[in-house]
Amino acid sequence: MEKEFIEHGLNQNRRKFLSKMSLGLGSVALGSLLMPNLFKGTGSIESELAAAIPDFAPKAKRVIYLFQNGAPSQLESFDYKPKLTTMFGQDLPESIRGDQRLTGMTANQSSFPLVGSFSKFNQYGESGAWISDLFPYTSKIVDDICIVRSLHTEAINHDPALTFFQTGAQQGNRPSMGAWLSYGLGSENNNLPAFTVLLSRGIGNGQGVYSKLWTNGFLDSVHQGVQFSSGEDPVLYLKDPKGMKRSERRKMLDNLAELNHMSFQKFGDPEISAKIQQYEMAYRMQTTVPDIMDLSKEPDSVIKLYGPDCLVPGTYAANCLLARKLSESGVRFVQLYHQGWDQHGNLPYEITQQAKDVDQASAALVTDLKQRGLLDETLVIWGGEFGRTNYSQGKLTEDNYGRDHHPRCFSIWMAGGGIKPGVVYGETDELGYNVIKNPVHVHDFQATVLNQLGLNHEKLIYKHLGRRFRLTDVSGKVVKDILV
């Protein structure tokens with residue numbers, strides 16, 4: 001019988017000791033694979049492990065969110081309402097409108113004349129989904145996407161509605177969705193941030209976007225979105241100062257990190273550790289970002305797929321291609337904002353230009369990911385902050401009209417990442433004013449996105465100022481009917 005270890009009250013034999021030690025070494029090895037920085041002293045082991053392991057097996061690893069800022073009209077895109085055409089110019093029935101809150105732009109109108117879409121609709125794919133002729137490229141990928149026609153929200157103005165979609169609250173200073181995913185899952189690539197932001201602009205001024213939409217809020221600043229620009233320097237202040245060698249930069253950062261570690265030991269402020277991580281990330285990005293921004297290595301077939309605008313920095317098409325490259329390189333959440341969807345007047349002309357800006361590149365992104373075998377693990381989202389009214393704002397003529405904000409129903413589409421392809425979910429009434437089947441609230445949408453990345457939205461919590469916060473606040477349910 002083997003001699004037992006009794007010196008420290010262990011009361012176990014050599015076989016048990018070696019067995020337990022091997023399990024411990026295996027756990028250490030697994031932890032280092034899940035989170036390469038686990039034993040580099042950049043944070044607590046508990047927080048590093050928590051960020052590496054989802055709540056359950058994820059369907060998606062990454063998200064590309066194509067946000068159409070300004071609210072595209074569902075009635076000229078994905079929600080076909082022929083009844084509106086037959087009722088052209090008739091007043092919206094009070095029984096339909098009910099006590100719906102209106103914006104100050106139409107609340108004082110003497111009438112609310114109904115107007116159908118100027119664009120033509122046709123059915124596509126095995127689902128027979130109705131899609132406007134403004135989106136010919138999207139119609140070709142209809143069997144790869146899930147169109148949700150029953151989104152609804154409480155916000156009726158752009159800023160609170162956009163903030164609500166991005167942060168789960170209509171007021172500012174809350175972590176954005178990308179920040180929550182960075183906090184909950186960490187990064188897949190040590191040389192790139194977990195959360196990046198790309199901006200583009202359509203015709204006109206449109207609605208603005210602000211850094212509060214990709215803020216870390218009360219989370220550590222390491223989770224804030226990193227904005228890429230279309231200029232000579234895609235990430236500002238990334239280059240070394242003139243005259244400084246890389247070796248000198250490395251030595252300076254090492255000395256700075258040592259000073260910051262001393263400050264952290266003295267004050268215990270977690271933002272000091274976050275700053276150390278950000279300095280190191282910026283240093284590593286110096287070699288990674290230029291390669292990602294270089295499109296010269298993309299084959300002609302890819303350029304043709306996205307269209308010639310993808311070679312013009314700062315365009316929507318260029319950002320879609322860049323989003324694929326960032327996501328392919330392991331960026332957890334790539335957020336695009338395309339401004340210019342605010343058609344209160346002159347809608348037929350303006351929305352035609354807007355759709356032309358985004359249609360080919362949006363469809364190309366889905367096709368490109370699918371061809372590369374990446375669509376199954378990448379969740380692509382296309383949509384705005386609310387919908388548009390079924391009545392005209394301002395003067396209605398035979399060939400011109402506008403549409404006001406409408407939070408009661410609107411459409412988005414999703415693809416990949418465990419979302420059922422070739423599906424149309426939800427239904428609005430025959431006048432396109434209210435949801436009548438399978439409503440999806442903004443918090444339901446957010447809960448579903450988190451679910452696809454293996455996160456339980458009710459458990460992704462951060463305690464701040466004595467309260468437990470989460471992206472979905474105190475509501476939200478996963479829309480299981482659209483999941484594979």
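**Salt bridges, two helices and a histidine**

Let's start with one pair. The side chains of K61 and E377 form a salt bridge, 3.8 Å from N to O. This pair links distant parts of the chain, 316 residues apart. K61 is in the loop between α2 (45-52) and β3 (62-69). E377 is in the loop between α12 (347-371) and β10 (378-383). K61 counts as partly exposed, because its relative accessibility is 39%. E377 is partly exposed too, at 21%. The cut-off for buried is under 20%, so E377 falls outside that class.

One caution before I go on. This is a predicted model.

Now the overall picture. The protein has 484 residues, and 51% of them count as buried. It has 13 helices and 19 strands. The exposed area is about 22400 Å², with carbon and sulfur atoms supplying 52% of it. Take the contacts between residues at least 6 apart in sequence: 76% of them join residues at least 24 apart. The salt bridges come to 19.

Here is another of those bridges. E76 and R403 meet through their side chains at 2.9 Å, N to O. Which parts of the chain does this pair tie together? E76 lies in the loop between β3 and α3 (82-86). R403 lies in the loop between β11 (387-388) and β12 (405-406). So the pair ties together parts that are 327 residues apart in sequence. Are these two residues buried or exposed? E76 has 0% relative accessibility, so it counts as buried. R403 is also at 0%, and it is buried as well.

Next, E328 and R372. Their side chains form a salt bridge at 3.4 Å, N to O. E328 is in helix α11 (residues 316-328), and R372 is in the loop between α12 and β10. They are 44 residues apart, and the pair links distant parts of the chain. E328 is partly exposed, at 39% relative accessibility. R372 is partly exposed at 33%. This pair also belongs to a network. Salt bridges that share partners join E298, R324, K325, E328, D368 and R372.

That brings us to the helices. Take α11. How much of α11 is buried? Twelve of its 13 residues are, so the helix is largely enclosed by the rest of the structure. Among the buried ones are R324 and K325. Both of those are in the salt-bridge network I just named. The buried list also includes Y316, N319, C320 and L326. What about the length of α11? At 1.5 Å a residue, its 13 residues should span 18 Å. The end C-alpha atoms are 18 Å apart, so the two values agree. After α11 comes G330, with a positive phi near 105 degrees.

Now α12. It has 25 residues, which should span 36 Å at 1.5 Å a residue. Its end C-alpha atoms are 35 Å apart, which agrees. Where is the kink in α12? It is centred on V358, and the angle is about 30 degrees. G373 follows α12, and its phi is positive, near 75 degrees.

On to a histidine. H405 sits in strand β12. Its relative accessibility is 5%, so H405 counts as buried. Which side chains does the H405 side chain meet in polar contacts? One is H158, at 2.9 Å. Another is H344, at 3.1 Å. H405 also touches residues from several places in the sequence, including T103, M105, I156, D342, F386 and T389. That list leaves out residues up to four places away in sequence.

Last residue: V423. It is in strand β14 (residues 423-425). V423 is partly exposed, because its relative accessibility is 22% and buried means under 20%. How far apart are V423 and E126? In sequence, they are 297 residues apart. In space, the C-alpha atoms are 9.0 Å apart. Setting aside neighbours within four places in sequence, V423 is in contact with I145, C146 and I147.

To wrap up, go back to the bridges. K61 with E377 joins two partly exposed residues. E76 with R403 joins two buried ones. E328 with R372 belongs to a network that includes E298 and D368. That's my tour.

Terms used
Residues are numbered from 1 along each chain as its sequence is written. This is a predicted model: local features need pLDDT of at least 70, side-chain atom pairs count only at pLDDT 80 or more; totals for chains, interfaces and linings use all residues. Side-chain values use heavy atoms; hydrogens and water are left out. A salt bridge is a side-chain nitrogen of Lys or Arg within 4 Å of a carboxyl oxygen of Asp or Glu. Helices (H or I, at least four residues) and strands (E, at least two) are DSSP runs, numbered from the N terminus. Buried means under 20% relative accessible area, exposed over 50%, partly exposed in between (1.4 Å probe, protein chains only). The expected span of a helix is 1.5 Å times one less than its number of residues. The bend at a residue is the angle between axes fitted to the seven residues ending there and the seven starting there. A polar contact is a pair of N or O atoms within 3.5 Å; within protein, one must be able to donate a hydrogen and the other to accept it, and residues adjacent in sequence count only if both atoms are side-chain atoms. Contact means heavy atoms within 4.5 Å. Accessible areas come from the Shrake-Rupley method with a 1.4 Å probe; for residues, only the protein chains shown count as cover.
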